[in-house]
Amino acid sequence: MHELGIAYEILTSARQAIAGREALRVTRLKVRIGRFQNVDRDSLDFAFRALARDETGFENAVLDMEDVEPAFACPDCGARGTLEKIALSCPACGGGNLHVEGADDLVLQSIEAEEGGRE
Ligand SMILES: [Zn+2]
């Protein structure tokens, strides 16, 4: 289950992002996940909760997952669009120089937090 590793990475990034502001209680982490990133959303949510529970400041954090539609651009014919399926060649001209963006993204996009008193 590699979702556990991903959840761990998300938490690590978030911890670095709020470094020095340890009084914050994180309420929501927003991540962008490419459609072709092989991630089981339920497993990731489960893994994230399991880890966040033991993480100071993240006990009540919710993981907000946003699906990213992979975009392609073809330098040969100029076609652009979003991909429904993984493609290695241009859907318009069949050229093999396809540039695809966002397909395997996994980006921590934003962190919502509130000031919280420390016990
Ligand atoms: Zn093309």
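**Sheets and helices in the predicted model**

Strands S3 (residues 71-73) and S4 are antiparallel partners, joined by three bridges. This comes from a predicted model, as does everything below. One of the pairings puts Phe72 opposite Gly81 of S4. S3 and S4 belong to an open sheet of three strands, ordered S4-S3-S5 and paired in the antiparallel sense. Strand S4 (80-82) and strand S5 (99-101) sit at the edges with a single partner strand each, so one side of each has no neighbour in the sheet. Going from one strand to the next, the twist averages 20 degrees.

There is another open sheet of three strands, this time with mixed pairing and the order S2-S1-S6. Its edges are taken by S2 and by strand S6 (106-115), each of which pairs on one side only. Ignoring direction, neighbouring strands here are turned against each other by 20 degrees on average. The mixed character shows up when the two pairings are taken in turn. Strand S1 (residues 24-34) runs parallel to strand S2 (residues 62-68), with seven bridges between them. Ile33 has Asp67 in S2 as its bridge partner. To get from S1 to S2 the chain passes through H2, and the resulting β-α-β crossover is right-handed. With S6, on the other hand, S1 is antiparallel, and nine bridges hold the pair together. Here Arg28 finds its bridge partner in Glu112 of S6. As a rule, side chains along a regular strand alternate between the two faces of the sheet.

Now for the helices. H1 lies across S1 and S6, and its direction makes an angle of about 55 degrees with S6. How do H1 and H2 sit relative to each other, and at what angle do they cross? The axes of helix H1 (residues 3-17) and helix H2 (residues 41-52) come within 8 Å, crossing at roughly 55 degrees. H1 is therefore oblique to H2. As for handedness, this crossing is right-handed.

Which residues make up the contact between H1 and H2? From H1 come Glu3, Leu4, Ile6, Ala7, Tyr8, Ile10 and Leu11, and these meet Ser43, Leu44, Ala47, Phe48, Leu51 and Ala52 in H2. Sorted by type, the contact residues comprise 11 nonpolar, one polar and one charged. The charged one is Glu3, on the H1 side, and the polar one is Ser43, on the H2 side. H2 thus appears twice in this account: as the helix that H1 crosses, and as the helix in the crossover from S1 to S2.

Definitions and conventions:
Residues are numbered from 1 along each chain as its sequence is written. This is a predicted model: local features need pLDDT of at least 70, side-chain atom pairs count only at pLDDT 80 or more; totals for chains, interfaces and linings use all residues. Axes are lines fitted to C-alpha atoms, for helices over the stretch in contact, and angles run from 0 to 180 degrees between N-to-C directions. Helices (H or I, at least four residues) and strands (E, at least two) are DSSP runs, numbered from the N terminus. Angles under 35 degrees count as roughly parallel, over 145 as roughly antiparallel, 65 to 115 as roughly perpendicular and the rest as oblique. A crossing is left-handed if the near helix is turned anticlockwise from the far one by less than a right angle, and right-handed if clockwise. Two residues are in contact if their C-beta atoms, placed from the backbone, lie within 7 Å. Two strands pair if DSSP finds at least two bridges between them. A crossover is right-handed if, with the strands pointing away from the viewer, the path from the first strand over the helix to the second runs clockwise.
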